[in-house]
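Let's take a walk through this structure together, one piece at a time. Keep the picture open and follow along as we go.

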Amino acid sequence: MIHSLFLINHSGDIFLEKHWKSVISRSVCDYFFEVKEKAVDPENVPPVLQTPHHYLISIYRGKLFFLSVVQTEVPPLFVIEFLHRVADTFQDYFGECSEGVIKDNLVTVYELLEEMLDNGFPLATESNVLKEMIRPPNILRSVVNTLTGGSNVGDTLPTGQLSNVPWRRAGVKYTNNEAYFDVVEEIDAILDKSGTTVFAEIQGVVEACVRLTGMPDLTLSFMNPRLLDDMSFHPCVRFKRWESERVLSFIPPDGNFTLMTYHVSSQNLVAIPVYVKQNINFFETGSCGRLDITIGPKQNMGKTVEGLMVTIHMPKVVLSANLTATQGNYTYDLTTKVLVWDIGKLNPQKLPNLRGSLSMQAGAPKPEENPSLNIDLKIQQLAISGLKVSRLDMYGEKYKPFKGVKYLTKAGKFQRLSLSFL
Amino acid sequence: EVMLIPTRPRLFSVCRNEDLKEMLESSKESLKLEAMKRIVGLIAKGKNASELFPAVVKNVASKNIELKKLVYVYLVRYAEEQQDLALLSISTFQRALKDPNQFIRASALRVLSSIRVPIIVPIMMLAIKEAAADLSPYVRKTSAHAIQKLFSLDADQKEQLIEVIEKLLKDKSTLVAGSVVMAFEEVCPDRIDLIHKNYRKLCNLLVDVEEWGQVVIISMLTRYARTQFTSPWKEVRGQSGEVMKAFYESDSEEKKGHTEEKPYIMDPDHRLLLRNTKPLLQSRNTAVVMSVAQLYWHLAPKHEVSIVTKSLVRLLRSHREVQYIVLQNIATMSIQRKGMFEPFMKSFYVRSTDATHIKTLKLEILTNLANEANISTILREFQTYVKSQDKAFAAATIQAIGRCATNISEVTDTCLNGLVLLLSNRDETVVAESVVVIKKLLQTQPTQHSEIIKHMAKLFDNITVPMARASILWLIGEYCERVPKIAPDVLRKMAKSFTAEEDIVKLQTVNLAAKLYLTNSKQTKLLTQYILNLGKYDQNYDIRDRTRFIRQLIVPSEKSGALNKYARRILLAPKPAPVLESSFKDRDRFQLGTLSHSLNSKATGYQELSDWPAVAPDQSVRNVEIIEASGSDSEEESSESEKTSSDSGKSSSGSEQSSSESELEQKKKKKTKKVPQKKSKPTAADRYSEIPAVCWSLRVTTSSFGPVKTYELLHHMTGKGLAAKYHFPRQPCLYQPSMVAVQVILSNSSDHSLEEIHIGDRSPASLSIHCFNTIERLEPEASVTVSMGIDFSDSTQAANFQLCTKEDQFSVSIQPAVGELLMPSSMTEQDFCKEQGKLQGMNETSATITMETANASSQAISKQVLSVANVGVVSSSQNNFSRFAGRTVSSGALVLVSLELKESSTALLTINTEKTVMASMLLRDIKQALTQA
């Protein structure tokens with residue numbers, strides 16, 4: 001299926017190649033470079049390309065292109081999903097997925113790629129299994145390894161691959177048994193100028209960090225599971241029990257993993273935690289404009305809104321901004337024309353305000369459209385959909401684990417859009 | 001610079017390689033490892049390290065695992081180039097193939113089969129055949145991968161490889177399934193006949209197969225189903241709208257007659273596939289979700305397809321690349337089935353952060369979804385897109401508006417007016433695109449729009465984009481009689497600027513001139529001739545050609561032939577309006593989710609999806625003889641699950657024939673806490689909730705269910721309304737391997753609800769029980785099934801415990817029959833005899849019995865033995881021998897049962913096990929079962 005993989009950095013250097021069948025010359029990438037050149041922005045490179053003898057399927061992650069070469073029909077999502085899994089694995093092993101880190105760990109990376117595919121077909125992609133075969137690097141061991149010639153390849157062989165629980169390794173032991181769950185929700189919303197919700201939905205994800213001895217069998221139940229509209233599960237979740245009882249029953253992988261992602265879409269359910277009063281005017285004469293923005297709390301369930309930040313992509317004609325912020329700092333990037341106002345914590349007693357004048361290129365016509373505002377925020381200890389974990393039960397093991405749940409709400413592509421009509 | 005790069009590092013690497021060679025030849029392991037690491041680094045960077053081959057290959061037998069692995073990496077990379085030297089390493093792998101450790105065997109096969117050296121083909125073939133019969137499923141999986149490697153190295157091996165594939169397809173391990181289907185797809189995708197017998201097994205294993213295997217299996221089964229089942233689509237035919245009719249046209253005539261003859265009944269196997277793939281829509285793996293979606297699209301009855309919508313829309317929140325592929329597929333789907341995606345229209349709204357190709361696809365889908373009801377919302381959305389900074393996208397939006405205008409006649413005028421307003425837009429691209437679209441729209445209804453043409457003629461001087469200028473010229477020419485005053489004036493201007501125009505504009509000028517000459521020759525004769533003269537000497541041969549042709553056609557002369565008379569009819573013929581349609585219109589010729597679909601051209605190795613057969617091929621080809629199953633050995637699976645286990649008093653989980661029935665069944669199940677398992681063979685979905693917590697060293701067969709006996713635990717009179725029954729589901733216990741699984745059915749026959757039902761004190765105190773969760777509340781008339789695990793420690797001593805409600809406590813006890821303390825164990829006849837040999841003397845118990853004549857067949861014996869003991873059938877080559885193997889649940893001691901048939905219904909029953917007490921009890925039970933009818 002997957003014939004070869006090339007890792008290409010932002011400036012177009014191929015810094016790693018791996019072939020699972022016969023070697024394909026790296027000149028095959030030239031077709032890709034040609035398209036990349038035309039696309040200007042790397043995000044605009046189409047993920048699937050056709051060349052006379054090969055097909056190129058690529059992803060762009062962490063300023064790197066993962067370019068795979070295939071020769072025959074294959075579901076493109078199969079390859080794309082796999083490439084993202086490779087990037088996830090690097091992230092998991094090295095803490096980030098960047099050119100520097102890959103170059104520093106070239107041998108480990110190569111060993112991983114060797115295990116992940118056999119003849120172009122995925123072999124071991126579960127983090128638990130891989131970690132048994134190839135140990136993630138840590139500083140102490142790499143020092144010891146250089147001195148003693150020790151290795152980062154596990155000397156015991158993985159058992160996970162063979163068991164009925166392929167995602168979990170056997171013989172896990174901890175002195176402190178803990179299971180933590182993070183419920184993280186992102187609000188995606190588009191509001192029109194009057195603050196009416198045009199589009200809103202909540203993306204949620206339950207991230208787990210489970211460090212439990214043996215083969216624990218967990219059951220996680222929610223107070224209000226009916227809220228969830230659509231979800232996807234880690235393969236460990238028993239689908240049948242969710243269908244019949246709305247509980248998540250699973251034997252967890254060891255360590256960090258995404259237990260499930262979900263979606264809450266009903267518009268009236270989506271609370272918008274802040275309101276924005278905005279007034280941006282560009283004047284026909286005098287090449288200037290005015291800006292006045294105030295932000296206040298709306299439906300925040302009594303929690304503090306933190307990490308508040310407003311980003312505005314100004315029209316090209318705006319040369320500079322002369323503004324005063326009652327709270328936080330603002331910056332205006334002259335080249336990208338992006339105005340960022342970093343507010344921080346929202347104080348309901350004293351609402352933050354940013355106002356002042358914008359100066360525009362002399363003689364240029366007034367921008368057709370007012371720019372849209374993108375708002376970033378965070379609310380700790382709150383899942384905005386109201387989802388709550390009610391209990392976690394453990395079977396199969398006798399000890400009492402420590403259990404914890406955390407909630408967090410973030411802004412997704414939360415944006416305030418000014419609509420005007422033709 | 002390009003010339004320099006290869007030479008300089010090479011010089012450098014030569015000296016470095018010398019030093020690496022030295023390190024490899026040193027006696028120090030750490031130095032060797034360091035050298036190999038650097039070499040792998042060179043390979044990763046794409047540098048040539050082939051000259052180190054002799055030094056590296058020496059280390060192939062190293063004891064150090066990491067060193068060995070790195071050598072393998074090197075070997076696989078360079079063996080093709082250094083074939084002779086590579087042969088030196090082969091014997092090492094051959095040795096490793098016999099290693100007792102399965103991982104060493106697997107990795108040896110992996111490397112051996114990756115060495116692309118033709119001379120070792122026979123060795124590879126042999127190794128693959130041996131590995132395919134290996135006891136370890138992991139090794140068998142590796143052999144499935146090796147099949148493809150060998151096939152690509154030497155296609156002549158095809159026939160032999162197909163034999164191995166056939167064998168591996170029968171494999172019951174979830175580990176193997178995906179890989180062997182992959183091999184099948186690569187080597188012999190047309191050998192559909194190999195799938196028949198494995199079809200149901202693959203369907204049932206599917207949820208437990210790893211994600212990647214699922215994708216491959218689903219795509220293969222989609223193709224399979226299209227050749228084996230009849231179309232489920234014809235019933236909907238009558239009710240469906242026009243859009244759907246168009247879709248059905250392709251699957252043609254013969255069905256019409258067919259439909260009238262008999263109503264459509266879905267093949268149970270067809271239903272099985274649909275049912276078993278559905279849970280996978282919830283997979284985290286986007287490729288799996290997409291493959292299920294395409295399966296439903298190509299195989300499900302029309303009204304069921306929409307269950308995939310939500311999951312597809314979910315994928316739109318994944319990575320950009322995933323969005324791209326999913327949107328492409330939705331674009332194709334939304335042409336035929338607007339209704340599927342219309343409720344999710346807002347998910348296709350363009351965000352300012354979307355990449356260009358994502359934006360274009362979303363636009364495409366929104367246009368496909370437009371109808372009378374939602375068009376105003378969509379147009380409002382489009383209006384904001386037109387203002388986008390991304391001008392290419394704005395232009396695409398204008399095209400989309402044009403398509404909406406032609407498709408929905410109610411809004412044609414609104415759109416047209418909107419587009420005319422855009423003509424005064426500041427941006428050139430927007431104006432140009434609007435002109436082009438207006439031109440197309442006007443063609444569809446030219447009568448009432450002379451005003452717009454005039455308006456455009458006025459704008460003409462300010463428009464510079466060639467395509468737009470050409471479009472305006474064409475419009476004026478085509479409808480010159482409606483703008484009789486303006487047209488000649490425009491021609492005059494064009495005559496002036498002709499030489500400076502782009503080619504397409506020149507061509508349209510020539511056209512305009514010709515048309516005017518025919519309608520208004522008085523005013524334009526001279527102008528036309530001037531333009532024709534300019535065209536005659538143009539640099540572009542197309543224009544010269546066209547000019548010559550036009551002159552001959554319109555200007556009467558001696559040479560001009562008969563065509564001259566018809567010039568007007570030729571040039572000013574009414575022309576059909578262009579149809580503005582989706583660029584995804586023809587994509588449905590490809591299977592959704594494929595690379596070919598994504599590229600809109602047939603990719604190498606693309607397998608055509610066949611049309612439904614008019615008459616279904618023989619269904620019985622998929623029937624399988626099930627060796628382990630009791631009683632109904634030779635019957636087909638589906639009929640088996642139809643049978644109800646008579647003494648359980650509850651219906652089994654239903655026939656596979658109709659969806660409604662099985663849905664009902666599902667609802668019933670919702671009430672129960674744990675899904676009761678009464679099928680003679682569990683479906684995969686059921687198995688999903690039953691993953692045993694422990695990996696067994698021997699493969700455990702879970703399928704030997706005889707009729708289930710239910711025992712009373714608590715009578716409702718003694719239990720003050722609470723009644724409890726239990727049975728042994730004969731499955732590995734979920735909680736602990738040493739426990740026997742027990743299912744308890746609690747029901748409330750009192751008139752008030754019972755609260756907090758749980759298990760209290762137990763005796764003996766050391767008894768290890770895995771209790772069910774406290775049942776908070778049990779309503780009157782309700783019942784609930786719960787699972788428990790009890791460790792009986794291989795004894796038939798009763799487990800006593802208290803069954804408590806909020807108010808009361810009842811002492812109850814579960815006394816297991818000895819046969820329930822066993823787990824089936826699968827082994828070959830050979831192994832059986834070997835193990836039996838080890839358990840002689842004290843460990844052997846035997847008796848001669850006289851059997852009821854009805855029990856004398858081997859099938860009946862199996863049935864009877866399995867009814868009393870949870871053991872596995874060992875397939876036997878001798879007719880007069882029946883053998884069964886099991887292990888005790890707690891200690892895992894082997895229990896071997898063999899029965900030798902003698903003359904006139906007598907038989908010798910022998911039990912070999914180190915648990916002698918159990919043996920005598922088991923002997924008694926089996927004897928009893930066999931001697932009575």
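What covers the buried residues of H1(A)? In this predicted model, the cover includes five pieces of chain A: strand S1 (4–8), strand S2 (14–19), strand S3 (48–50), strand S4 (55–61) and strand S5 (64–70). The helix itself runs over residues 29–39, and its buried residues are A:Cys29, A:Phe32, A:Phe33, A:Lys36 and A:Ala39. Now imagine looking straight down the axis of H1(A): those buried residues fall within an arc of 125°, so they line one face of the helix. Over on the other side of H1(A), you'll find A:Glu34, A:Glu37 and A:Lys38, which are exposed. And just after H1(A) comes A:Val40, with a positive phi of about 60°.

Stay with chain A a little longer for two other spots with a positive phi. A:Lys63 sits in the loop between S4 and S5 of chain A. Its phi is positive, about 60°, although A:Lys63 is not a glycine. Is A:Lys63 buried or exposed? Its relative accessibility is 57%, and exposed means over 50%, so A:Lys63 counts as exposed. Next, look at A:Asn119, in the loop between S6 and strand S7 (121–122) of chain A. A:Asn119 isn't a glycine either, yet it has a positive phi of about 55°. Its relative accessibility is 7%; because buried means under 20%, A:Asn119 counts as buried.

Time to move over to chain B. Of its 933 residues, 58% count as buried, and the chain has 38 helices and 15 strands. Its accessible surface comes to about 40,000 Å², with 52% of that belonging to carbon and sulfur atoms. What about contacts along the chain? Take those in chain B with a separation of 6 or more: 65% of them are between residues 24 or more positions apart.

Let's zoom in on one helix of chain B, H6(B), at residues 102–114. Here's a nice check you can follow yourself: at 1.5 Å a residue, its 13 residues should span 18 Å, and the end C-alpha atoms are 18 Å apart, which agrees. At the N-terminal end of H6(B), B:Asn101 acts as a cap, with a side-chain oxygen 2.6 Å from the backbone nitrogen of B:Phe103.

How many of the 13 residues of H6(B) are buried? The count is 10, so the helix is mostly covered. Among them are B:Phe103, B:Arg105, B:Leu109, B:Arg110 and B:Val111. The cover comes from both chains: it includes helix H4 (106–116) and strand S6 (117–118) of chain A. From chain B, it includes helix H4 (65–78), helix H5 (83–96), helix H7 (121–132) and helix H8 (137–153).

Last stop: the cysteines. A disulfide is a covalent bond between the sulfur atoms of two cysteines. How many disulfides does the structure hold over all chains? The count is 0. B:Cys404 shows how this works out: the nearest cysteine sulfur, that of B:Cys415, is 6.4 Å away, whereas a disulfide needs the two sulfur atoms within 2.5 Å. At 1% relative accessibility, B:Cys404 counts as buried. A:Cys288, on the other hand, is partly exposed, with a relative accessible area of 28%.

Note on methods
Residues are numbered from 1 along each chain as its sequence is written. Chains are lettered from A and ligands numbered from 1 in the order in which they are written. This is a predicted model: local features need pLDDT of at least 70, side-chain atom pairs count only at pLDDT 80 or more; totals for chains, interfaces and linings use all residues. Side-chain values use heavy atoms; hydrogens and water are left out. Helices (H or I, at least four residues) and strands (E, at least two) are DSSP runs, numbered from the N terminus. The expected span of a helix is 1.5 Å times one less than its number of residues. Buried means under 20% relative accessible area, exposed over 50%, partly exposed in between (1.4 Å probe, protein chains only). Contact means heavy atoms within 4.5 Å. A polar contact is a pair of N or O atoms within 3.5 Å; within protein, one must be able to donate a hydrogen and the other to accept it, and residues adjacent in sequence count only if both atoms are side-chain atoms. The arc is that of the directions from the helix axis to the C-beta atoms. Accessible areas come from the Shrake-Rupley method with a 1.4 Å probe; for residues, only the protein chains shown count as cover.
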